[in-house]
Amino acid sequence: PIFDGEPDATDYATIAGAIDRDFLSDAGGEGGAAPSEGDTLTIGDAEYTWAATTSEDDSDNVNLSLVFGDPPFVVAYAYAEFTAPAARSVTLGVGTDDDGKMWVNGEDVYTHRWGRGVGLDDDAVAVELVEGVNRILIKVMNREQSWGFVCRIMDAQGLGDKLINAA
């Protein structure tokens, strides 16, 4: 939860600042996160366990409502590692419902501040991958109702569609 007590939808300062609040600071911080499934973390008086999840359909959207329900004013993290055969520049297509933040190999590369529904390639983020293991941490804050995220390496078709739609 982003509030220490009962959620207050009119406390705009706390809501706006939550995406920048490092809830993982006691575990090395958001930029240094490298959790494994089953790792536990204590935040305040609550203990949380990292658990694997996947998208539920062909859309690649990870529907956090199916995992956690729809509690208002909470944050969830998703972590993934993947191997790149060579260093290269890529564009990630990212969508978050609602606010979102992302780190690639410990570097803060993306922030979205505001409520919206999740959409494939809502935002395009240029990043540098390293040869070997790459780490992505995504933070999603739910304001109210459903929530989730999507992230993928955009191919030429997806990037072209994004540019055409922006024109």
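Strand E4 gives the most to the lining of the largest pocket, with eight residues. Keep in mind that this is a predicted model. The pocket itself holds about 1300 Å³ of space, and its lining is a good place to start. After that come a four-stranded open sheet and a few backbone oddities, including a cis peptide bond between Asp97 and Asp98.

**The largest pocket**

- In total, 46 residues line the largest pocket.
- Trp50, Phe68, Ala76, Tyr77 and Ala78 are the lining residues that lie nearest the pocket centre.
- Several elements give two or more residues to this lining: strand E1 (40-43), strand E2 (46-49), helix H2 (64-68), strand E4 (74-84), strand E9 (132-142) and strand E10.
- If you're thinking about chemistry, the lining splits into 34 nonpolar, six polar and six charged residues.

**The open sheet**

- Four strands make up an open sheet in the order E3-E10-E5-E8, and their pairing is antiparallel.
- Strand E3 (62-63) and strand E8 (123-129) sit at the edges, each pairing on one side only.
- Strand E3 meets strand E10 (residues 148-153) through two bridges, running in the antiparallel sense.
- To pin down one contact there, Asn63 has Gly148 of E10 as its bridge partner.
- Strand E10 turns up in both stories: it belongs to this sheet, and it also gives two or more residues to the lining of the largest pocket.

**The cis peptide bond**

- Asp97 and Asp98 are joined by a cis peptide bond, with omega at about 15°.
- Asp98 is in the loop between strand E5 (88-97) and strand E6 (99-104).
- Strand E5 also has a place in the open sheet, between E10 and E8 in the strand order.

**Positive phi outside glycine**

- Asn105 isn't a glycine, yet its phi is positive, near 50°.
- You'll find Asn105 in the loop between E6 and strand E7 (107-112).
- Asn105 counts as partly exposed because its relative accessibility is 24%, and partly exposed covers the range between the 20% and 50% cut-offs.
- Trp114 is another residue other than glycine with a positive phi, this time near 155°.
- Trp114 belongs to the loop between E7 and E8, and E8 is one of the edge strands of the open sheet.
- With 57% relative accessibility, Trp114 is over the 50% cut-off, so this residue counts as exposed.

Terms used: Residues numbered from 1 in each chain as written. Predicted model: local features only at pLDDT ≥ 70, side-chain atom pairs only at ≥ 80, totals over all residues. Heavy atoms only, no water. Pairing = 2+ DSSP bridges. 1 Å grid on protein atoms, 1.4 Å probe; cavity = no way out; pocket = protein on both sides within 12 Å on 5 of 7 lines; lining within 4 Å. Points joined across faces, edges and corners; volume = space filled by probe spheres on them. Nonpolar A, V, L, I, M, F, W, Y, C, P; charged D, E, K, R; others polar. Buried < 20%, exposed > 50% of the residue type's maximum accessible area, 1.4 Å probe, protein only.
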